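Work through these exercises with the structure open beside you. Try each task before you read its solution.

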Amino acid sequence: MSTIEEPVAVDVDKLMQFVFRAVDEVGATLNTALVVMGDKLGWYRALAGAGGLSPTELAERTGSAERYVREWLNAQAAGGYVDYDPDSGLYSLPPEQTVALTDASSPAYLPGFFQIALGSVLDSPRIMDAALSGAGLGWGEHVHDVHDGCERFFRSGYNAHLVAEWLPALDGVVAKLERGALVADVGCGHGASTILMAQAYPNSTFVGSDYHDGSIETARRRAQEAGVADRVRFEVEPSTTYSGTGYDLVTMFDCLHDMGDPVGAARHVLSTLAPDGTWMIVEPAAGDRVEDNLNPVGRAFYAFSTLLCTPASLSQDVGLALGAQAGEARIHDVVEAGGLTHFRRVAETPFNIVYEARR
Ligand SMILES: C[S@@+](CC[C@H](N)C(=O)[O-])C[C@H]1O[C@@H](n2cnc3c(N)ncnc32)[C@H](O)[C@@H]1O
C-alpha cells in the first residue's frame with residue numbers, strides 16, 4: 001500500500017537565515033587559505049604597526065604582486081581582519097589583529113590554528129576515502145602544514161599556561177623539577193612542550209618521544225636552536241613501548257586521544273614511572289556528553305577529530321578512537337584501565353583540561 005507524505009512546512013525566513021549564515025561560513029572557509037597566505041608571505045607582519053598602506057606599498061614591501069595583494073586586502077577588509085579607509089584608500093591592521101596575527105609570544109596568536117585547519121582540509125579527500133573503508137590515516141601521512149600548524153597553535157597555549165599554571169597545579173612536581181627530575185614527554189610532536197619545560201628547569205633531564213620520525217627530526221633541530229640539546233633527547237618510539245624507567249614525570253600533551261591504544265599507553269606509563277612519579281595528561285577541553293560540546297570550541301575540535309585525531313587512532317593497533325572530545329569520564333576510564341588509581345582534574349583553559357594521574 002502506498003502512502004502519501006504530507007508536505008513539510010518550510011519557514012522561509014529560517015531558510016534564508018541559514019543561507020546567509022552559509023555565505024559567512026564559505027567566506028570563513030576560504031579565509032583560512034588567505035590567513036595562511038598573509039602569514040607565509042609576510043603581509044600581516046608588513047602591515048603591523050605600519051599605519052595605513054596602499055596595496056602598491058604592501059606589495060613593494062613584501063616583494064609580491066600588487067593585483068593579488070589588492071584582492072587579498074579587500075577580502076581581509078570585508079572579513080574585519082584589516083581596516084579600510086575609503087578616503088585615503090589605505091589599509092591597516094588594528095592593534096588586536098596585530099597581536100593575534102603577528103605576535104608569536106601571545107596566547108592569542110592564531111596563524112598556527114589556521115595552518116593546521118588548512119592542512120586538514122587539504123587532506124580531506126583521503127579522509128573521505130577512509131570514511132568509506134573504515135581505514136585510518138596516520139599522523140605522519142598528513143601534509144606538512146598539519147605538523148607545523150599543530151606546533152605553532154599549541155605552543156602559544158603552552159607558553160602561557162604550562163610553566164605558570166599547569167606544572168604548579170600538580171602535587172609536588174615543581175619542587176622535583178627544580179631539584180633535578182627525569183621527565184618523559186610522550187607524543188611530543190615537534191617538542192614545543194619538551195623544550196619549554198627544559199628551559200624552565202635547567203637541573204632536569206627530558207626525553208621526548210613520538211611515533212612519527214619526521215616530527216622527531218624537527219624536534220631535535222628545535223632543541224639545538226633553543227640551546228637545550230644537552231639535556232633533551234628525542235626518540236622515535238610509540239607510546240606503548242617508549243624507553244627508560246624511573247620517570248618522575250611523564251607528560252602527554254594533546255595526544256592521548258590520537259593514540260591507537262591509549263589503555264596500552266597508560267599501562268606502559270605505569271611501568272615506567274618512579275614509585276612516586278606523576279603522569280600529566282593534557283587533553284582538549286570537553287564535557288562528557290555530546291550536548292556539552294555543541295559550542296564553537298567543541299565544533300572546531302569535533303572537526304579536527306574527524307579529519308585528524310580519529311583517523312590517526314584508527315590507523316594504529318587497537319584503534320580505540322577516543323576522539324578529541326572524549327571528556328573527563330572517558331579519560332578517567334582509560335587511566336584506570338591502565339592500572340593507575342589516583343586521578344584528578346588539576347587545571348583548565350578554554351581549550352584544554354589538565355589531569356594528574358598516579359599509581
Ligand atoms: C596533536 S599532536 C600533538 C603533538 C605535541 N604533543 C604538541 O602538543 O604539540 C599528536 C601527536 O601524537 C603523536 N602520536 C599519535 N599516536 C602516537 C603513538 N601511538 N605513540 C606516540 N606518539 C603518537 C603524533 O605523531 C603527534 O605528534
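**Exercise 1. Decide whether Lys176 is buried or exposed, then place it in the fold.**

Step 1. Take the accessibility. Lys176 has a relative accessibility of 16%. Buried means under 20%. So Lys176 counts as buried. Keep in mind that this is a predicted model.

Step 2. Find the element. Lys176 sits in helix H9, which covers residues 173-179.

Step 3. List the contacts. Neighbours within four places in sequence are left aside. Lys176 then contacts Ala181, Ser204, Asp248 and Asp276.

Step 4. Set sequence beside space. Lys176 and Tyr201 are 25 residues apart along the chain, and their C-alpha atoms are separated by 9.7 Å.

**Exercise 2. Classify Ile195 as buried or exposed and find what it touches.**

Step 1. Ile195 belongs to helix H10.

Step 2. Its relative accessible area is 8%. The limit for buried is under 20%. Ile195 is therefore buried.

Step 3. Do not count residues up to four places away in sequence. Ile195 touches Ala219, Arg222, Ala223, Ala226, Val228 and Phe234.

Step 4. Now pick a distant partner. Thr102 is 93 residues from Ile195 in sequence and 22 Å from it in space, C-alpha to C-alpha.

**Exercise 3. Locate Glu151 and describe its surroundings.**

Step 1. Glu151 is found in helix H8.

Step 2. The relative accessible area of Glu151 is 6%, so this residue is buried.

Step 3. Leave aside neighbours within four places in sequence. Glu151 is in contact with His190, Ala192 and Arg222.

Step 4. Compare with Leu122. Glu151 and Leu122 lie 29 residues apart in sequence and 18 Å apart in space, C-alpha to C-alpha.

**Exercise 4. Describe how H8 packs against H10.**

Step 1. Recall what is needed. Two packed helices are described by the angle and the distance between their axes.

Step 2. Give both values. The axes of H8 and H10 (residues 192-200) come within 9 Å and cross at roughly 35°.

Step 3. Add the hand. The crossing of H8 and H10 is right-handed.

Step 4. Name the residues. H8 brings Glu151, Arg155, Tyr158, Asn159, Leu162, Val163 and Leu167. H10 answers with Ala192, Ser193, Leu196, Met197 and Ala200.

Step 5. Sort them by class. The contact has 8 nonpolar, 2 polar and 2 charged residues.

**Exercise 5. Do the same for H1 and H6, and name the kind of crossing.**

Step 1. H1 spans residues 12-40 and H6 spans residues 111-122. Their axes come within 9 Å and cross at roughly 125°.

Step 2. Angles of 65 to 115 degrees count as roughly perpendicular, and those over 145 as roughly antiparallel. The angle here falls in neither class, so H1 is oblique to H6.

Step 3. The crossing of H1 and H6 is left-handed.

Step 4. On the H1 side are Thr32, Ala33, Val35, Val36, Asp39 and Lys40. They meet Pro111, Phe114, Gln115, Ala117 and Leu118 in H6.

Step 5. By class, this contact has 7 nonpolar, 2 polar and 2 charged residues.

**Exercise 6. Find the largest nonpolar core and follow one of its residues.**

Step 1. The largest nonpolar core has 41 residues. Leu162, Trp166, Leu167, Leu177 and Met280 have the most contacts inside it.

Step 2. Helix H8 (residues 144-169) gives the most to this core, with 8 residues.

Step 3. Follow Met280. Neighbours within four places in sequence are left aside. Among its contacts are Leu162, Trp166, Leu167, Leu249, Phe253 and Tyr355.

Step 4. Look for another core. A second, separate one has 28 residues, including Ala184, Val250, Met259 and Val334.

**Exercise 7. Explain why H12 counts as largely enclosed.**

Step 1. H12 covers residues 262-272, and 8 of its 11 residues are buried. Therefore H12 is largely enclosed by the rest of the structure.

Step 2. The buried ones are Pro262, Val263, Gly264, Ala265, Ala266, His268, Val269 and Thr272.

Step 3. Their cover includes strand E6 (247-253), strand E7 (273-284) and helix H14 (328-337).

**Exercise 8. Examine Val318 and Ala321 in the loop between H13 and H14.**

Step 1. Val318 has a phi near 75°, a positive value in a residue other than glycine. Ala321 also has a positive phi, of about 50°, and is not a glycine.

Step 2. Val318 has 61% relative accessibility, so it counts as exposed. Ala321, at 25%, counts as partly exposed.

Conventions:
Residues numbered from 1 in each chain as written. Predicted model: local features only at pLDDT ≥ 70, side-chain atom pairs only at ≥ 80, totals over all residues. Heavy atoms only, no water. Axes fitted to C-alpha atoms, helices over the stretch in contact; angles between N-to-C directions. Helix = DSSP H or I, 4+ residues; strand = E, 2+ residues; numbered from the N terminus. Parallel < 35°, antiparallel > 145°, perpendicular 65-115°, else oblique. Left-handed = near helix turned anticlockwise from the far one by under 90°. Contact = heavy atoms within 4.5 Å. Nonpolar A, V, L, I, M, F, W, Y, C, P; charged D, E, K, R; others polar. Core = buried A, V, L, I, M, F, W, Y, C linked by side-chain atoms within 4.5 Å. Buried < 20%, exposed > 50% of the residue type's maximum accessible area, 1.4 Å probe, protein only.
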